Amino acid sequence: MDDNPIVRRLAILAVFSACGRLEFDVVVDGAVPGDGNVGVDAISPNAIAAVVAGDAHSCARTVGGDVYCWGDNQRYQLGNTANSTTMAVQVTAIDDAIDIAAGNRHVCAARATGAVVCWGNNSSGQVGLPSTLTDVSFTPVAGIDDAIGVTAGWSHSCAVRQSGAVACWGGNVNGELGDGTTMSRPNAVDIAGLANVVQVATMDEHTCARQSDGAIQCWGWNNRGQLGTGDTSIHRTPFDTGVRADALGLGQVHTCAANTNAVWCWGDATSGKLGNGVMSGMTPSPTMVFGGGAWLAGGYDHSCVVTSAGEVFCSGGNAMGQLGTGNLTPTTSFVAVQSPRMFSSVGAGSFHTCAVTRSGGAMCWGWGLFGQLGTGDSANQSEPIAVMGLP
């Protein structure tokens, strides 16, 4: 195995993804599915490995571990104290990221050392510090030195440890930290009884984890059935949904999971985001809605899936062009994004979407008011457009 610590930990990571962030599909043997068996070492360190989308900001990670962000910076979520920007700017404090995640207005990164650092809004302790509302000190989250992945929600964050345990910190109003309480805290604490986790995903105030056998466990807020429990009762500890899947993605109040043969979604159906043919109501139990997927992401009112062939399909609200269909028409079923490019992964912000191309580039579409598309202006885009300012 390569002596480079980033490559070495990428091999440990295998395929690890979550809602709101995009993971380059690196597998244990170093091959990149769909790219002619190109190994990690054959890819330029400046190629984009992941793109993540927050409420109105976005960030990218390169294969070499650099991080770039763009869009809204009202809470310093771009990693600096400057103004918001319409083009990608480098987060100079990070050069060894193996995973990144974007929350509502904060960002977290897992480093090659196993440490996790977060920055931006810290109103509920989601950055991992007890006494500041915003932070760009890049202070490691206490108690974590073995992280292989991170995820960030509205006001909380979680990390997957190399052991397969999950630790969470930040807001806990609806039990989203999974510790059985509603006590918010800035310190990371492992979730009791949850083991063998390979992926964790958060969005708003619920959290889900995918275990090595494909089991999907969810906990936290459940007002629209987003936990897949068949009802709307809050669960402050993990609940087994009964779904077995290879990918997981969360929206604000909905959840989707997928394997090569099926995509299941559940929770709030408003705007058609579940892709189950309806525009309103809720579906509190997992329901098959699409023929299969390799990557998933959910936003405020839309969902997207990347197929094993590299195509992106999205469903739901489309007022800002977030479905990437070239128009503003909403849909209750998954429709193809209008692009000749093939993609490896996709992520969704509130009303915008970003994806990594198989050639190692990044493209975004949808709501652009704060520059979160990285196109050099604040215009909305109804089709994918390349992010500017990346290496």
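This briefing covers the overall make-up, disulfides, one sheet, aromatic pairs and two backbone outliers of a predicted model.

The model is predicted, and local features need pLDDT of at least 70, side-chain atom pairs count only at pLDDT 80 or more, and totals for chains, interfaces and linings use all residues. Residues are numbered from 1 along each chain as its sequence is written, and side-chain values use heavy atoms, with hydrogens and water left out. The chain has one helix and 28 strands; helices (H or I, at least four residues) and strands (E, at least two) are DSSP runs, numbered from the N terminus. The structure also holds seven disulfides and seven aromatic pairs.

**Overall make-up**

- Of the 391 residues in the chain, 62% are buried; buried means under 20% relative accessible area, exposed over 50%, and partly exposed in between (1.4 Å probe, protein chains only).
- About 12600 Å² of the chain is exposed, and carbon and sulfur atoms supply 51% of that area. Accessible areas come from the Shrake-Rupley method with a 1.4 Å probe, and for residues only the protein chains shown count as cover.
- Contacts (heavy atoms within 4.5 Å) were counted between residues at least 6 apart in sequence, and 51% of these join residues at least 24 apart.

**Disulfides**

- A disulfide is a pair of cysteine sulfur atoms within 2.5 Å. One of the seven joins cysteine 208 to cysteine 218, with an S to S distance of 2.1 Å.
- The link of cysteine 208 and cysteine 218 is right-handed, with 110 degrees about the S-S bond. Cysteine 208 lies in strand 14 (residues 206–211) and cysteine 218 in strand 15 (residues 215–220), so the disulfide ties together parts that are ten residues apart in sequence.
- Both cysteine 208 and cysteine 218 are buried.
- Cysteine 304 and cysteine 314 form another disulfide, at S to S 2.0 Å. Its torsion about the S-S bond is about 105 degrees, so this link is right-handed.
- Cysteine 304 sits in strand 22 (residues 302–306) and cysteine 314 in strand 23 (residues 312–316), so this pair also ties together parts that are ten residues apart in sequence. Cysteine 304 and cysteine 314 are buried.
- In the disulfide of cysteine 256 and cysteine 265, the sulfur atoms are 2.1 Å apart. That link is right-handed, with 105 degrees about the S-S bond.
- Cysteine 256 counts as buried because its relative accessibility is 4%, and cysteine 265 is buried with a relative accessible area of 1%.

**The sheet of strands 25 to 28**

- Four strands form an open, antiparallel sheet in the order 25-26-27-28. Two strands pair if DSSP finds at least two bridges between them.
- Strand 25 (343–348) and strand 28 (381–386) are the edge strands, each pairing on one side only.
- From one strand to the next, the twist averages 20 degrees. For such angles, axes are lines fitted to C-alpha atoms, for helices over the stretch in contact, and angles run from 0 to 180 degrees between N-to-C directions.
- Strand 27 (residues 362–366) and strand 28 run antiparallel and are joined by three bridges. Glycine 366 stands opposite glutamine 381 in strand 28.

**Aromatic pairs**

- Rings of Phe, Tyr and Trp (its six-membered ring) pair if their centres lie within 6.5 Å; planes under 30 degrees apart count as stacked, over 60 as edge-to-face and the rest as tilted. A search of the whole structure finds seven such pairs.
- Phenylalanine 290 and phenylalanine 334 form a tilted pair, 5.3 Å centre to centre with 50 degrees between the planes. This pair links distant parts of the chain, with phenylalanine 290 in strand 20 (residues 282–290) and phenylalanine 334 in strand 24 (residues 331–336), 44 residues apart.
- Phenylalanine 334 counts as buried, at 10% relative accessibility.
- Tryptophan 367 and phenylalanine 370 form an edge-to-face pair, 5.7 Å centre to centre with 90 degrees between the planes. Tryptophan 367 is buried at 14% relative accessibility, whereas phenylalanine 370 is partly exposed at 28% relative accessible area.
- Tyr300, Phe351, Trp367 and Phe370 are linked into a cluster by ring pairs.

**Positive phi outside glycine**

- Tyrosine 76 is not a glycine, yet has a positive phi of about 65 degrees. Tyrosine 76 is found in the loop between strand 3 (67–71) and strand 4 (85–90) and is partly exposed, with a relative accessible area of 28%.
- Asparagine 196 also has a positive phi, near 60 degrees. Asparagine 196 is in the loop between strand 12 (185–190) and strand 13 (197–203) and is partly exposed, with a relative accessible area of 47%.
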